[in-house]
Amino acid sequence: MSLDKLIHNCKINDAKAQSELYKLFSSKLFSLCLKYSRNYAEAEDNLQDAFITIFKKIGQYKNKGSFEGWLKRVTINTALQCYRTQGVFDIVNEDLIEDEAITIEDEDNISIDYLLQIIQELPDRYRLVFNLYVMDGYSHQDVAEMLKITTGTSKSNLARARHILKDKITEYKTRLHSQSL
């Protein structure tokens, strides 16, 4: 069945089409949920909530733009909604600190698993901004709108996330270096 036909059938609440859509996109969307969740169980809950929202709002998709992009946007917004209701972003007047890039050289031997782990360990506010801005390419203005914070808070949270990550990477490199001696 073509994607357009699948979408059409989902719009008329065809359970078989909904199941097929779930099978087609659940693994990609689950990976996205993992980035915006504190743990695996929360990611599973967010995926379920995202598909409920997708099936409720699929009639709003007008076949303009990427359907997968629309699914990702709904999924991210669903995952972020739990943080909005929990007041994770109540503090919005943070001072900006200098934004510093993280550079990792090939010889640093830092695994992608370790990088994902330390990103996952960031405090919620920093992890969400880091993922939206760095991993998913949203602008600070987009991040601010999505999280209902100021652009300055987005920039500050990104800088703090990068600072924490840089410290953890430096500590990791030091540990590796001392083990190799």
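Helix H6 is mostly covered, with nine of its twelve residues buried. Those buried residues are Asp124, Arg125, Tyr126, Arg127, Leu128, Val129, Phe130, Asn131 and Leu132. Charged names such as Asp124, Arg125 and Arg127 stand on that buried list. Just after H6 comes Gly137, whose phi is positive at about 75°. All of this is read from a predicted model.

**Overall build**

The chain holds eight helices and zero strands. Along the sequence the pattern reads α-α-α-α-α-α-α-α. The chain has 181 residues, and 41% of them count as buried. Its accessible surface comes to about 10,500 Å². Carbon and sulfur atoms hold 50% of that surface. How far apart in sequence are the residues that touch? Take the contacts between residues at least 6 apart in sequence: 71% of them join residues at least 24 apart.

**The nonpolar core**

The largest nonpolar core has 49 residues. Which of these touch the most other members? They are Leu21, Ile54, Phe67 and Leu132. Leu132 is also one of the buried residues of H6. The elements that give two or more residues to this core are H1, H2, H3 (40–57), H4 (67–86), H5 (112–120), H6 (124–135), H7 and H8. H4 gives the most, with nine residues.

Leu21 shows how such a core residue is surrounded. Residues up to four places away in sequence are not counted here. Leu21 then touches Leu6, Cys10, Phe51, Ile54, Phe55, Ile58 and Phe67. Two of these partners, Ile54 and Phe67, are themselves among the residues that touch the most other core members.

**Along helix H2**

Helix H2 spans residues 15–35. Glu20 and Ser26 both belong to this helix. Are they buried or exposed? Glu20 is partly exposed, with a relative accessible area of 40%. Ser26 is buried, at 13%, because the cut-off for buried is under 20%.

Ser26 touches Leu47 and Phe51, again leaving out residues up to four places away in sequence. Phe51 is also a partner of Leu21. The C-alpha atoms of Ser26 and Gln48 are separated by 9.4 Å, with their positions 22 residues apart along the chain. Glu20 and Leu6 are 14 residues apart along the chain, and their C-alpha atoms are separated by 7.8 Å. Leu6 also touches Leu21.

**Positive phi outside glycine**

Most residues other than glycine have a negative phi. Asn13 and Lys148 take positive values instead. Each has its place in a loop between two helices.

| Residue | Phi | Place | Relative accessible area |
|---|---|---|---|
| Asn13 | about 60° | loop between H1 (3–11) and H2 (15–35) | 55% |
| Lys148 | near 55° | loop between H7 and H8 | 62% |

Asn13 counts as exposed. Lys148 is exposed too. For both, the reason is a relative accessible area over the 50% cut-off.

**Where H7 meets H8**

Two packed helices are described by the angle between their axes and the distance between the axes. How do H7 and H8 cross? H7 covers residues 140–147, and H8 covers residues 151–179. Their axes come within 8 Å and cross at roughly 105°. H7 is therefore roughly perpendicular to H8, since angles of 65 to 115 degrees fall in that class.

Which residues make the contact? H7 supplies His140, Gln141, Val143 and Ala144. H8 supplies Thr151, Ser154, Lys155 and Leu158. By class, the contact has three nonpolar, four polar and one charged residues. Lys148, described above, lies in the loop between these two helices.

**In brief**

The chain is built from eight helices and zero strands. Its largest nonpolar core has 49 residues, and H4 gives the most to it. H6 is mostly covered. H7 and H8 cross at roughly 105°, and exposed Lys148 has its place in the loop between them.

Conventions
Residues are numbered from 1 along each chain as its sequence is written. This is a predicted model: local features need pLDDT of at least 70, side-chain atom pairs count only at pLDDT 80 or more; totals for chains, interfaces and linings use all residues. Side-chain values use heavy atoms; hydrogens and water are left out. Axes are lines fitted to C-alpha atoms, for helices over the stretch in contact, and angles run from 0 to 180 degrees between N-to-C directions. Helices (H or I, at least four residues) and strands (E, at least two) are DSSP runs, numbered from the N terminus. Angles under 35 degrees count as roughly parallel, over 145 as roughly antiparallel, 65 to 115 as roughly perpendicular and the rest as oblique. Contact means heavy atoms within 4.5 Å. Ala, Val, Leu, Ile, Met, Phe, Trp, Tyr, Cys and Pro count as nonpolar, Asp, Glu, Lys and Arg as charged, and the others, Gly among them, as polar. Buried means under 20% relative accessible area, exposed over 50%, partly exposed in between (1.4 Å probe, protein chains only). Accessible areas come from the Shrake-Rupley method with a 1.4 Å probe; for residues, only the protein chains shown count as cover. A nonpolar core is a set of buried Ala, Val, Leu, Ile, Met, Phe, Trp, Tyr and Cys residues joined through side-chain atoms within 4.5 Å.
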